[in-house]
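Subject: Handing over the structure

Hi,

Here is the structure I promised to pass on to you. Please open it first, and then read my notes below alongside it.

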Amino acid sequence: MSMMASNAKSSRMSESGAPFSPGDPVTALHGVGKARAEILAKIDINAIEDLLWHFPRRYEDRRRPVPVGALKDGEAALARVHVRKISAPPSFVHGKGAPRIPMKVHCFDESGELVLLFFNARWLSRAFSEGGEYWVYGTPRRDLAGATMTHPDFEEITNEDEGREDGQSGKGIVPVYPLTAGITQKYLRSLVRAALPAAALVDDALPSGLTRERRLAPASYSLANIHFPEDEHGLNAARYRLVYEELFLLQMRLLYARGLAASEETGGRICAEGVVESDAASLFPYELTGAQSRAISEIRADMASVSPMNRLLQGDVGSGKTAVAAAAALFAAKSGYQTAVMAPTEILASQHAGEFALMFKGTNARTALLTSGLSAAEKREVREALKSGSIDIVIGTHALIEPDVVFSRLGLVVTDEQHRFGVRQRLGLQKKGTAPDTLVMTATPIPRTLALMLYADLDVSVLDEMPPGRKAVATRFVNSAKRDAVYDFAEREMEKGRQVYVVAPMIGDEGDMSGEGEGATPGVGDEPPCDGDAGVPMATALGLGEELAARFPHRCVKALHGRMKTVHKDGIMREFAAGDIDMLVSTVVIEVGVNIPNATMMIVENSERFGLAQLHQLRGRVGRGADKSYCVLISDSESELSIKRGEALASEQDGFRIAELDLSLRGPGDLFGVRQHGLPEFKIADPAKHIGILAQASEDAKALLACDPGLELEEHAALRRMIGEGKGS
């Protein structure tokens with residue numbers, strides 16, 4: 001996110017006293033050379049403004065020093081000490097296998113003695129001087145030998161530091177930043193401190209009237225206090241201003257872009273007048289739900305309007321989104337237009353192609369599949385047919401956006417599991433036609449009020465009913481004491497010829513989270529464990545695969561994870577879909593997968609490591625056939641949040657109610673994988689935590705654009721410039 005003017009005038013710079021402008025490279029700061037700049041670039045700090053917008057992830061309250069004699073074991077604290085003696089380890093103690101002898105800094109105050117320990121840091125001996133006075137902050141340990149702190153933060157106290165409590169010395173509310181290897185907190189704080197004068201050059205994105213009405217702190221004040229707060233009031237005022245601004249700019253960008261697109265696009269009226277909703281009934285050998293009929297009606301109206309459709313179709317797993325997409329494709333085909341359906345994996349595209357072929361069997365519409373897995377001759381045949389117009393509906397993967405794919409008359413673009421595609425990929429497919437109608441689909445339910453705000457550039461259709469006959473999945477939440485019984489039950493299911501999923505939060509070794517790898521869902525590895533989860537051992541897909549293969553030697557057990565090559569993953573999923581694999585041990589790469597009616601059991605190990613809505617997505621992999629299905633969540637976590645998640649899932653089947661629960665339980669954090677939905681990664685705002693501010697920002701953005709749709713008023717010039725430059729995200 002950025003609201004800085006990179007072309008600030010030199011006169012403004014001189015008035016502010018800043019020797020540089022926000023748009024200057026970070027190398028303009030003293031102490032940042034080429035090597036350091038390359039390291040900072042790893043955390044997206046390239047310019048002065050990037051430092052200003054690199055917000056702390058938390059703060060340490062160092063305003064109240066604790067006497068050394070009162071330091072408590074295990075409780076982080078600030079102390080003011082004098083250095084008595086520095087004991088560096090002998091210079092010959094080095095190399096592999098050498099004993100770990102720390103450098104010791106012997107300190108004291110009137111109440112007692114404290115020893116600072118620094119391992120592998122002989123160079124720090126030059127950072128201390130005997131007789132010097134220092135602030136030290138760390139977690140003390142007490143034993144019979146006395147009090148120690150290992151690798152504490154420290155800062156020498158000088159005359160000019162006396163009385164300062166602004167976080168810019170060792171005392172105050174001190175920011176703690178996200179880092180990368182090669183950068184320390186102390187170094188980054190010094191850079192931010194040096195960059196702060198540039199905050200005076202802020203081009204305030206918010207109109208002055210709105211700032212007054214919402215009683216928001218000035219931008220420069222907010223940037224100063226988000227980094228080095230004067231006090232709690234300053235920090236809270238800064239945080240509120242910056243959260244509001246980030247959400248307001250998000251809404252403005254979405255709404256302004258939508259209004260601009262509506263005024264410029266010349267497409268529309270894809271659906272011919274003679275094509276009616278009842279035409280879709282012939283595609284299905286079953287009766288549609290009320291929600292499906294309503295969505296089809298909304299889509300039909302969009303496709304007949306003068307403006308191109310831009311609609312989100314969200315529905316729970318199994319709610320019938322594919323049928324709605326097929327109806328839209330029929331409207332396009334009967335009106336003389338082609339449809340492109342893009343799915344995230346080859347196997348899912350193949351499944352959709354089979355479903356579409358079956359549904360359109362009795363019509364004149366022709367369907368085809370286009371994926372990279374086809375032979376060169378097969379791909380060439382499909383491309384030629386698309387160009388000539390002899391194919392009406394093509395279902396494919398990223399292969400659809402290749403330059404050599406040309407459509408005769410593309411009128412409808414459908415993106416399935418849209419969060420699996422980047423913006424460029426989605427736009428790349430849309431550009432194959434002239435302002436085609438666009439339908440994006442997601443199986444992750446979002447509370448409707450939140451969806452309307454987060455997807456301000458889309459109309460939203462919701463499938464909140466399940467087709468008749470869809471069975472509830474019996475869900476249990478147990479601890480590892482019942483693990484053997486769970487797998488005994490899984491064996492009985494496999495004896496009946498059914499199949500079992502087992503999901504682990506990690507691939508293999510420590511830190512190898514399941515969120516990594518192609519097709520994996522972000523959020524699992526990004527979300528810190530709940531309180532009380534840290535000591536719970538973590539299951540891994542590779543480890544479980546070996547364990548369960550040994551436990552069930554008479555069964556076919558295979559592992560699947562995101563680091564496998566796509567062809568390997570698709571091959572395993574095809575084997576599972578064909579019934580050749582009895583038990584599939586996987587990471588969350590199967591969260592969005594194919595329809596396998598024979599899979600009747602889902603076992604999730606370490607369920608505390610998954611968000612509530614994500615667990616619901618995993619559960620949606622089973623319960624697709626006629627047989628009763630089961631989901632078992634295994635967790636030894638004692639965290640209240642983990643227990644509430646498990647109990648909620650065991651008692652609730654409706655994905656939208658689960659999304660509401662997730663919203664209320666999760667609070668701060670990645671809102672059931674918000675990044676999955678193609679949204680920006682927020683720097684300070686959290687839609688789950690700040691939903692009230694989001695609602696207010698949304699209303700304010702709509703009101704402003706109602707008065708000035710083109711942002712042509714002078715007071716909106718900075719806002720228009722930032723939106724035009726893509727800033728604010």
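The notes below go through the strands, then the aromatic rings, then two loop residues.

This is a predicted model, in which local features need pLDDT of at least 70 and side-chain atom pairs count only at pLDDT 80 or more, while totals for chains, interfaces and linings use all residues. Residues are numbered from 1 along each chain as its sequence is written, and side-chain values use heavy atoms, with hydrogens and water left out.

Let me begin with a sheet. Seven strands form an open sheet with mixed pairing, in the order E6-E7-E4-E3-E2-E5-E8. Here helices (H or I, at least four residues) and strands (E, at least two) are DSSP runs, numbered from the N terminus, and two strands pair if DSSP finds at least two bridges between them. Strands E6 (140-143) and E8 (153-156) stand at the edges with a single partner strand each, so one side of each has no neighbour in the sheet. At the E6 edge, the partner is E7 (residues 146-150), paired in the antiparallel sense over four bridges. There, Arg-141 has Thr-148 in E7 as its bridge partner.

Elsewhere, have a look at strand E14 (residues 410-415). Six of its six residues are buried (under 20% relative accessible area with a 1.4 Å probe, protein chains only; exposed is over 50%, partly exposed in between), so E14 is largely enclosed by the rest of the structure. E14 pairs in the parallel sense with E11 (residues 338-342) over five bridges, and Val-341 has Val-414 as its bridge partner in E14. E14 also pairs in the parallel sense with E15 (residues 437-442), over four bridges; here Thr-415 is matched with Val-440 in E15.

Now the rings. Phe-118, Phe-128, Tyr-134 and Phe-154 are linked into a cluster by ring pairs (centres within 6.5 Å, for rings of Phe, Tyr and Trp, the last by its six-membered ring). Phe-154 also has Lys-186 over its face, at 4.7 Å from the ring centre. A charge sits over a ring if NZ of Lys or CZ of Arg is within 6 Å of the ring centre and within 35 degrees of the ring normal. The charged end of Arg-36 sits over Tyr-187 too, 4.2 Å from the centre of the ring.

Finally, two loop residues. Arg-215 is not a glycine, yet has a positive phi of about 55°. Arg-215 lies in the loop between helices H5 (208-213) and H6 (219-227), and counts as exposed at 76% relative accessibility. Ala-435, also not a glycine, has a positive phi of about 45° and is placed in the loop between helix H12 (423-430) and E15.

Happy exploring!

Technical notes. Rings of Phe, Tyr and Trp (its six-membered ring) pair if their centres lie within 6.5 Å; planes under 30 degrees apart count as stacked, over 60 as edge-to-face and the rest as tilted.
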